[in-house]
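Student: Hey, got a minute to go through a fold with me? I'd like to talk it over with the model open.
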Amino acid sequence: MKRTLGILMAAGILLAGCGQEEKTATSANKEVAGKKIAVIRNLASDDHTKQFIDGAKAEGKALGLTVDTFLSNGNDAKFQQLVDQAVLKKYDGIILSHGKEDYSYNLVKKVADAGIKVVTFDTKSDQNGKVLDHVVATSQDDHALAELSLDALIEDKTQPVKVLKLWVGPGFLPLDRREEVFKDYVKEGKIKVVETVGPTNFEDVSGDVKKKTAAVLAKYNNKDIDAVWGAWDEMTKGAYLAIKEKQAVLPIYSIDISNQDINFLKEPNSNWKTTAGVNPRVIGITDVRLLAKQLNNEKVPQTYEFKPVQVKQSDLKKDSTMENLSQTIPSFGDTGLFQSEWMKEKK
């Protein structure tokens, strides 16, 4: 069920980088140092967002950039307003995270048309498959994330596995991509959806899903649901707490990762078995590097997908955190992706 998209993107990255000489550290510093960038994210200040923002700010500081950060807490009107304000303030570069699909292309185009360099994360910036000029579109490999989590869920279980599904959409680009794979597993008879739970209160996703999961659990007996699948860890946290309070034996498999997720995975007799994810700090770091490369007039790919890892309970030590998880899973750390020579010299 592996997709060819990742292969095609990888080929595109290699072609985009061919024949481009890196600038010297001195000339790069003159081009980039002192430039102002804005990081605008359409999510609340949860642990995942904090890691993303911290990575972006740390890398920006290391490269001599001024980094301003803004959160819109899932409020689409506020998100668009923040972007409009950033354009008026004439930032040199902008990172846009989690804009909704129905308006994002036009919003990104407005920024690019203003001559501002753009990197997007999980935000639509293409039309008919063509990404806008002066824009780099980054995302997690959502198909791979879904496959990792669902393969773990169905392993050693009688199929179809009866699933309580945690999902919201359509309209959330990464969740819509994960849904494509989920539908394939349903069609192939590997899983069967008992019920779907999703938030309506995006200022308290976990609390909202906790209440709704508790209501679902009250309707069914132990044999009606085999497992829980969470398309987004912020929803999964709520379901985990509801299941824990009910003292139900119901394994959970999810996508995305944070310190709180790791703590829940490590709890004694935890129902949360695995989560597939990408290090959000590394995403923040890498998006800033891609923006800095654009400001320095270096070649960059039009698209890039971050490759996920599967984190199992058995991978975790007593002291495991997002900060040291790469000691157990090396690919989880900063591997220097898109790090130009002059960037290394700035460290």
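Student: Which residues in the largest nonpolar core touch the most other members?
Tutor: Leu 153, Leu 166, Ile 191, Trp 229, Met 235 and Leu 325, out of 51 residues in that core. A nonpolar core here is a set of buried Ala, Val, Leu, Ile, Met, Phe, Trp, Tyr and Cys residues joined through side-chain atoms within 4.5 Å. Buried means under 20% relative accessible area, exposed means over 50%, and partly exposed is in between, with a 1.4 Å probe and protein chains only.

Student: And what should I know about the model before trusting any of that?
Tutor: This is a predicted model, where local features need pLDDT of at least 70, side-chain atom pairs count only at pLDDT 80 or more, and totals for chains, interfaces and linings use all residues. Residues are numbered from 1 along each chain as its sequence is written, and side-chain values use heavy atoms, with hydrogens and water left out.

Student: Ok. Which helix gives the core its largest share?
Tutor: Helix 6 (residues 142-154), with 6 residues. Helices (H or I, at least four residues) and strands (E, at least two) are DSSP runs, numbered from the N terminus.

Student: What does Leu 325 contact, leaving aside neighbours within four places in sequence?
Tutor: Ile 257, Ile 262, Val 311, Leu 316 and Phe 332. Contact means heavy atoms within 4.5 Å. Apart from this core lies another one of 26 residues, among them Ile 37, Val 39, Val 288 and Leu 290.

Student: Switching to sheets. What's the strand order in the one with parallel pairing?
Tutor: That open sheet has 6 strands in the order 2-1-3-4-7-13. Two strands pair if DSSP finds at least two bridges between them. Strand 2 (66-71) and strand 13 (303-306) are the edges, each pairing on one side only. Neighbouring strands are turned by 15° against each other on average, direction ignored. For angles, axes are lines fitted to C-alpha atoms, for helices over the stretch in contact, and values run from 0 to 180 degrees between N-to-C directions.

Student: How many bridges join strand 3 to strand 4?
Tutor: 5, and the two run parallel. Ile 95 stands opposite Val 119 in strand 4. Over at strand 7 (residues 135-140), the pairing with strand 13 is also parallel, over 4 bridges, and Thr 138 has Tyr 304 as its bridge partner there.

Student: Is strand 4 enclosed or open to the outside?
Tutor: Largely enclosed by the rest of the structure, because 5 of its 5 residues are buried. Lys 117, Val 119 and Phe 121 point one way, Val 118 and Thr 120 the other, and all are buried.

Student: Which strands does helix 5 lie across?
Tutor: Helix 5 (residues 101-113) crosses strand 3 (93-97), strand 4 (117-121) and strand 7, running at about 155° to strand 4. Helix 11 (residues 280-295) packs on the sheet too, touching strand 1 (36-41), strand 3, strand 4, strand 7 and strand 13, at about 160° to strand 4.

Student: And what about the sheet with mixed pairing, what's its order?
Tutor: Also open, with 6 strands in the order 9-8-10-11-12-14. Strand 9 (191-197) and strand 14 (309-312) stand at the edges with a single partner each, so one side of each has no neighbour in the sheet. The twist averages 20° from one strand to the next. Strand 10 (residues 227-230) and strand 11 (residues 252-255) run parallel, joined by 3 bridges, and Val 228 stands opposite Ile 252 in strand 11.

Student: Now rings. How many aromatic pairs are there?
Tutor: A search of the whole structure finds 10. Rings of Phe, Tyr and Trp (its six-membered ring) pair if their centres lie within 6.5 Å; planes under 30 degrees apart count as stacked, over 60 as edge-to-face and the rest as tilted. Tyr 240 and Trp 272 form a tilted pair, 5.9 Å centre to centre with 45° between the planes. Tyr 240 sits in helix 9 (residues 233-246) and Trp 272 in strand 12 (residues 272-277), 32 residues apart.

Student: Why does Tyr 240 count as buried?
Tutor: Because its relative accessibility is 2%. Trp 272 counts as buried too, at 0%.

Student: Which rings link into a cluster?
Tutor: Phe 52, Phe 121, Tyr 304, Phe 306 and Phe 338, through ring pairs.
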